[in-house]
Amino acid sequence: MERFDAVIIGAGAAGMFCAAIAGQAGCRVLLLDNGKKPGRKILMSGGGRCNFTNLYVEPAAYLSQNPHFCKSALARYTQWDFIDLVGKHGIAWHEKTLGQLFCDDSAQQIVDLLVAECTKGNVTTRLRSEVLDVTRDDAGYTLQLNGESVITHKLVIASGGLSMPGLGASPFGYKIAEQFGLKVLPTRAGLVPFTLHKPLLEQLSLLSGVSVPSTITAEDGTVFRESLLFTHRGLSGPAVLQISSYWQPGEFVTINMLPECDLDAFLNDQRAAHPNQSLKNTLAMQLPKRLIECLQQLGQIPDVTLKQLNSREQQALVDNLTRWRVQPNGTEGYRTAEVTLGGVDTHELSSRTMEARNVPGLYFIGEVMDVTGWLGGYNFQWAWSSAWACAQALAEQN
């Protein structure tokens with residue numbers, strides 16, 4: 001039976017990074033994953049270019065029932081530390097919008113970086129390796145794998161959440177937490193598109209593929225200002241993905257499709273300058289033509305000239321375009337969600353080491369726990385920061 005100082009389950013962003021840092025600090029590390037390749041979710045991220053961190057990472061960008069938990073790890077291993085590592089590997093990157101950093105070339109470069117760092121740490125990696133059973137006694141943790149057993153004093157769960165089951169996501173990490181008496185908070189899909197109820201979905205079907213700048217507000221007052229995308233299933237785009245993490249079933253969201261325009265003042269100015277101009281053509285200066293045509297068919301934009309537009313109609317139009325209240329039918333669920341909200345209750349864990357307070361030698365890092373970041377590289381940074389904090393603890397106790 002083989003012995004390791006630490007066994008890490010999950011060869012994603014958090015697991016690989018933790019294995020690499022612990023290995024380089026002198027730990028004998030085994031990294032396990034049930035997939036054929038390491039970093040499968042990394043390869044899919046950022047449209048294949050991996051949005052690996054964000055320039056503006058701060059604790060306020062994370063959702064958790066224990067909001068202070070993420071502060072220690074994020075402060076000890078920052079976005080600048082990971083940017084420095086990316087630079088050492090010669091990976092060219094660019095800022096897209098709102099501090100989001102992407103590889104110039106491919107997400108494969110981040111996977112290659114992690115593999116190289118694991119190699120540097122002499123990490124033993126075993127893919128297509130299913131963990132069938134985990135037990136704990138005075139000797140540590142015994143893992144039954146398909147065909148062999150291994151023993152370790154330190155067991156790190158980096159198995160992720162439930163999002164994107166097509167990439168091997170599973171509830172494994174939650175089951176381990178519950179097996180050892182840790183509380184697991186209810187999970188749901190986060191950073192996910194909205195679906196719409198039938199009448200509205202059919203009415204907006206012509207708009208599939210149309211994108212507009214927007215601000216979108218949840219009932220709790222949370223606001224995001226990013227683009228909105230109409231799809232054949234409902235609403236998507238960065239603004240919707242962001243607000244989905246703050247939305248609860250049955251609630252409404254309020255959408256402003258003209259966040260950079262005072263529509264009332266714009267219409268008044270245009271009326272003064274061009275009274276005979278059609279309302280449709282006036283709005284086309286601010287909004288996509290397909291959107292205007294669709295709203296006109298739905299009777300939300302009157303077929304009039306500016307001088308014919310009365311104050312009541314103008315107010316209704318301003319409300320429709322800048323205070324559009326939508327009640328989503330639901331979300332597209334884990335199938336397309338980028339992250340999983342909820343998970344292992346962080347009140348059960350040390351914010352410095354990621355170790356379970358009442359189960360010595362058991363650690364949780366990355367998405368499996370109840371820490372979820374905004375869209376835009378925040379969740380990768382949580383993977384790096386939580387993994388680094390855990391790896392320091394593994395090395396200290398080795």
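User: What share of the 398 residues is buried here?
Analyst: This is a predicted model, and in it buried residues make up 54% of the 398.

User: OK, and what does the surface come to?
Analyst: About 17000 Å² is accessible, with 49% of that belonging to carbon and sulfur atoms.

User: How many helices and strands?
Analyst: There are 13 helices and 21 strands. The C-alpha trace spans about 85 × 40 × 35 Å along its principal axes.

User: What about contacts far along the sequence?
Analyst: Taking the contacts with a separation of 6 or more, 73% are between residues 24 or more positions apart.

User: Switching to Ser-245. Where does it lie?
Analyst: Ser-245 is in the loop between helix 8 (238-244) and strand 16 (253-256).

User: Buried or exposed?
Analyst: Ser-245 counts as buried, because its relative accessibility is 3% and the cut-off for buried is under 20%.

User: So which residues does Ser-245 touch?
Analyst: Leaving out residues up to four places away in sequence, Ser-245 touches Leu-63, Arg-188, Gly-190, Leu-191 and Leu-341. With Leu-191 there's also a polar link: the Ser-245 side chain reaches the backbone nitrogen of Leu-191 at 3.3 Å.

User: Different topic: what does UniProt place at residues 6-31?
Analyst: The unreviewed UniProt entry has "transmembrane region" there.

User: And how much helix and strand does the model have over 6-31?
Analyst: That stretch is 46% helix and 27% strand, and its end C-alpha atoms are 9 Å apart.

User: Last one, how many positive and negative side chains?
Analyst: 33 positive and 38 negative, with the centres of the two sets 3 Å apart.

Definitions and conventions
Residues are numbered from 1 along each chain as its sequence is written. This is a predicted model: local features need pLDDT of at least 70, side-chain atom pairs count only at pLDDT 80 or more; totals for chains, interfaces and linings use all residues. Side-chain values use heavy atoms; hydrogens and water are left out. Helices (H or I, at least four residues) and strands (E, at least two) are DSSP runs, numbered from the N terminus. Buried means under 20% relative accessible area, exposed over 50%, partly exposed in between (1.4 Å probe, protein chains only). A polar contact is a pair of N or O atoms within 3.5 Å; within protein, one must be able to donate a hydrogen and the other to accept it, and residues adjacent in sequence count only if both atoms are side-chain atoms. Contact means heavy atoms within 4.5 Å. UniProt positions are given in the numbering used here, feature names are shortened, and annotations may be inferred rather than shown by experiment. Accessible areas come from the Shrake-Rupley method with a 1.4 Å probe; for residues, only the protein chains shown count as cover. Lys and Arg count as positive and Asp and Glu as negative; His and the chain ends are not counted. The place of a charge is taken as NZ of Lys, CZ of Arg, CG of Asp or CD of Glu.
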